[in-house]
Amino acid sequence: MLAELVGGSVEDARVRAAETPLESVIAACENAPAPRDALTALAPAAGVKIIAEVKRASPSRGRLADIPDPAALASAYEEGGASAISVLTEQRRFLGSLDDLRAVRAQVGIPVLRKDFIADPYQVYEARAAGADIVLLIVAALDQRTLVSLHELASSLGLTALVETHSAEEISRALDAGARLVGVNARDLDTFELDRDLFGSLADRIPAGVTRVAESAVLSPDDVRHYREAGADVVLVGEALVTGDPTARLAEFLAA
């Protein structure tokens, strides 16, 4: 599944590159709004912080919500206390787009994450050109040389990389690449099975000074509490917010 998702995203990026050459995208980066400081926005604090996600669908659950106005949803998230917004831009299985990201970035004042299956420099440049402040890099999808290269490129553009991991070995690779924002995804991206306890088993391997993000398997306030007690500084929430009352659910999660 992961190979399919990465391959599809890269193929779609190449189609866009044929229409908008890399040189044009790099030029657009210079005119994009300055990146927001995601590390400060997501820095460890007394309470848990939430990255709230704009997510229409997923490979495991299919269509979740229509979300005709992603900017309005993101604005509700911001007003409800989210510290950052995640926008799915993968179009085949998640039904997202860079237009969603642009609309959200224009609406909110908090950092915006481009959540996609990034494996090519073009995708990093177009994320910055579209206004992203954070990009997702999935260790399992990248060899170490590519991971380091993409992380360095993101940093050079003023972006923060959320480096996603699923094992102790992947955390080590993320840290070696210079990651300061490390996520542990409870969802196995090969099988799509969930393990809510994975974060707790790996959290101690993420050192002080690196922000810890728990991803996936969040359906209730108890799940947020579980992650917080296991050492999460930030919890990324998608499905649970878009399938219910997003404002009310977000309040419950922050209160947890």
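**Cavities**

I started with the enclosed spaces, and the largest cavity comes out at about 40 Å³. This is a predicted model, so I keep that in mind for everything below. Searching the whole structure gave me 2 cavities of 30 Å³ or more.

I listed the lining of the largest cavity next: Ser9, Asp12, Arg16, Thr89, Glu90, Gln91, Arg114 and Asp116. I sorted these by class and found no nonpolar residues, 3 polar and 5 charged. Which element gives the largest share of this lining? I checked, and α1 does, with 3 residues.

Then I turned to the second largest cavity, which has a volume of about 30 Å³. I noted Val54, Lys55, Arg56, Val87, Leu88, Phe94, Leu95, Gly96 and Asp100 around this cavity. By class I get 5 nonpolar, 1 polar and 3 charged for its lining.

**Pockets**

Moving on to open spaces, I read about 430 Å³ for the largest pocket. I count 28 residues in its lining, and those nearest the centre are Glu53, Lys55, Lys115, Arg187 and Ser216. Lys55 was already in my notes, as part of the lining of the second largest cavity. For the whole lining of the largest pocket I have 14 nonpolar, 5 polar and 9 charged residues. I also looked up elements here: β6 (134-138) and α11 (239-242) each put at least two residues into this lining.

How much space lies in the second largest pocket? I get about 270 Å³. Its lining has 18 residues, with Arg16, Leu98, Arg102, Tyr122 and Glu126 nearest the centre. I traced the elements that supply two or more residues to this lining, and they are α1 (2-19), α2 (22-31), α5 (98-107) and α6 (121-129). The classes split into 6 nonpolar, 5 polar and 7 charged. Arg16 turns up again, since I had it in the lining of the largest cavity.

**α1 against α6**

Both of these helices line the second largest pocket, and I wanted their packing. I find an angle of about 65° between α1 and α6, with the axes 10 Å apart. How are the two helices oriented to each other, given that angle? They are therefore roughly perpendicular. I have the crossing down as left-handed. From α1 the contact uses Ser9, Val10, Ala13, Arg16 and Ala17, and from α6 it uses Tyr122, Gln123 and Glu126. I classed the contact residues as 4 nonpolar, 2 polar and 2 charged.

Cross-checking my lists, I see Ser9 and Arg16 in the lining of the largest cavity, while Arg16, Tyr122 and Glu126 are among the residues nearest the centre of the second largest pocket.

**α4 against α5**

My last lookup was helix α4 (residues 70-79) against α5, which pack at about 40° with their axes 8 Å apart. The pair is therefore oblique. I noted that α4 passes α5 in a right-handed crossing. On the α4 side I find Pro70, Ala71, Ala74, Ser75 and Glu78, meeting Asp100, Ala103, Val104 and Gln107 on the α5 side. That contact divides into 5 nonpolar, 2 polar and 2 charged residues. Asp100 is a repeat too, as I had it lining the second largest cavity.

How values were computed:
Residues numbered from 1 in each chain as written. Predicted model: local features only at pLDDT ≥ 70, side-chain atom pairs only at ≥ 80, totals over all residues. Heavy atoms only, no water. 1 Å grid on protein atoms, 1.4 Å probe; cavity = no way out; pocket = protein on both sides within 12 Å on 5 of 7 lines; lining within 4 Å. Points joined across faces, edges and corners; volume = space filled by probe spheres on them. Helix = DSSP H or I, 4+ residues; strand = E, 2+ residues; numbered from the N terminus. Nonpolar A, V, L, I, M, F, W, Y, C, P; charged D, E, K, R; others polar. Axes fitted to C-alpha atoms, helices over the stretch in contact; angles between N-to-C directions. Parallel < 35°, antiparallel > 145°, perpendicular 65-115°, else oblique. Left-handed = near helix turned anticlockwise from the far one by under 90°. Contact = heavy atoms within 4.5 Å.
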